[in-house]
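Colleague: I should be grateful for a close look at a single part of this model. Please describe it in a connected way, suitable for a first-year student.

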Amino acid sequence: MGSSSFNERVYAVVRRIPRGMVATYGQVAALAGAPRNARMVGYALHANPEPGVIPCHRVVFRDGSLAPGFAFGGPDEQRVLLEDEGVVFVPPAAKPAGAPGWRVDLDHCQWRE
DNA sequence: CAATTGACTAACG
DNA sequence: GCGTTAGCCAATT
């Protein structure tokens, strides 16, 4: 390995996210060494060279939601996956109106080093 | 080598 | 309250 791509650094961080927790793009970006490069994180995860190895479903928006239409099979599938890992979700009725659907409870499940 | 794009984020209207 | 614009920074073409 020894690839010089920024994305590999992102994969390394995402791979470190413990089961039952999630991280935001900005957080992964910061851990990857680019505190302002959240976009790059999403771009790198889209490249996802090792599906199944890299838990890209554990990476969510700052709001606790996912990329609409880009989730590996649908945001509903991701919700089930995260719930299965023990991540706490917040129903649309329990949150301030605005978000399109279920969000991850970042207050309880955001990964903390 | 320069311009464009992009799984983002925050601020503004 | 919701939509749009601007800013960041690196990969892609």
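Which helix gives the most residues to the surface near DNA strand C?

Modeller: In this predicted model, helix H3 gives the most to that surface, with 3 residues. In total, 7 residues surround DNA strand C, and the closest are Phe-6, Asn-37, Arg-39, Met-40 and Tyr-43. Of the atoms of the strand that come within 4 Å of the protein, sugar and phosphate account for 65%. By character, the residues of this surface divide into 3 nonpolar, 2 polar and 2 charged.

Individual atom pairs can also be described. Phe-6 places a backbone N or O atom 3.1 Å from a phosphate oxygen of DNA strand C. Asn-37 has a polar side-chain atom 3.0 Å from a sugar or linking oxygen of the strand. For Tyr-43, an N or O atom of the side chain is 3.5 Å from a sugar or linking oxygen.

Helix H3, which spans residues 38–47, also packs against helix H1, residues 6–15. Their axes are 9 Å apart and meet at an angle of about 85°. Because angles of 65 to 115 degrees count as roughly perpendicular, H1 is described as roughly perpendicular to H3. On the H1 side, the contact is made by Phe-6, Asn-7, Val-10, Tyr-11 and Val-14; on the H3 side, by Met-40, Val-41, Ala-44, Leu-45 and Ala-47. The residues of this contact comprise 9 nonpolar, 1 polar and no charged. Phe-6 and Met-40 thus belong to the contact of the two helices and are also among the residues closest to DNA strand C.

Definitions and conventions:
Residues are numbered from 1 along each chain as its sequence is written. Chains are lettered from A and ligands numbered from 1 in the order in which they are written. This is a predicted model: local features need pLDDT of at least 70, side-chain atom pairs count only at pLDDT 80 or more; totals for chains, interfaces and linings use all residues. Side-chain values use heavy atoms; hydrogens and water are left out. Axes are lines fitted to C-alpha atoms, for helices over the stretch in contact, and angles run from 0 to 180 degrees between N-to-C directions. Helices (H or I, at least four residues) and strands (E, at least two) are DSSP runs, numbered from the N terminus. Angles under 35 degrees count as roughly parallel, over 145 as roughly antiparallel, 65 to 115 as roughly perpendicular and the rest as oblique. Contact means heavy atoms within 4.5 Å. Ala, Val, Leu, Ile, Met, Phe, Trp, Tyr, Cys and Pro count as nonpolar, Asp, Glu, Lys and Arg as charged, and the others, Gly among them, as polar. A residue is near a molecule or strand if one of its heavy atoms lies within 4 Å of it. A polar contact is a pair of N or O atoms within 3.5 Å; within protein, one must be able to donate a hydrogen and the other to accept it, and residues adjacent in sequence count only if both atoms are side-chain atoms.
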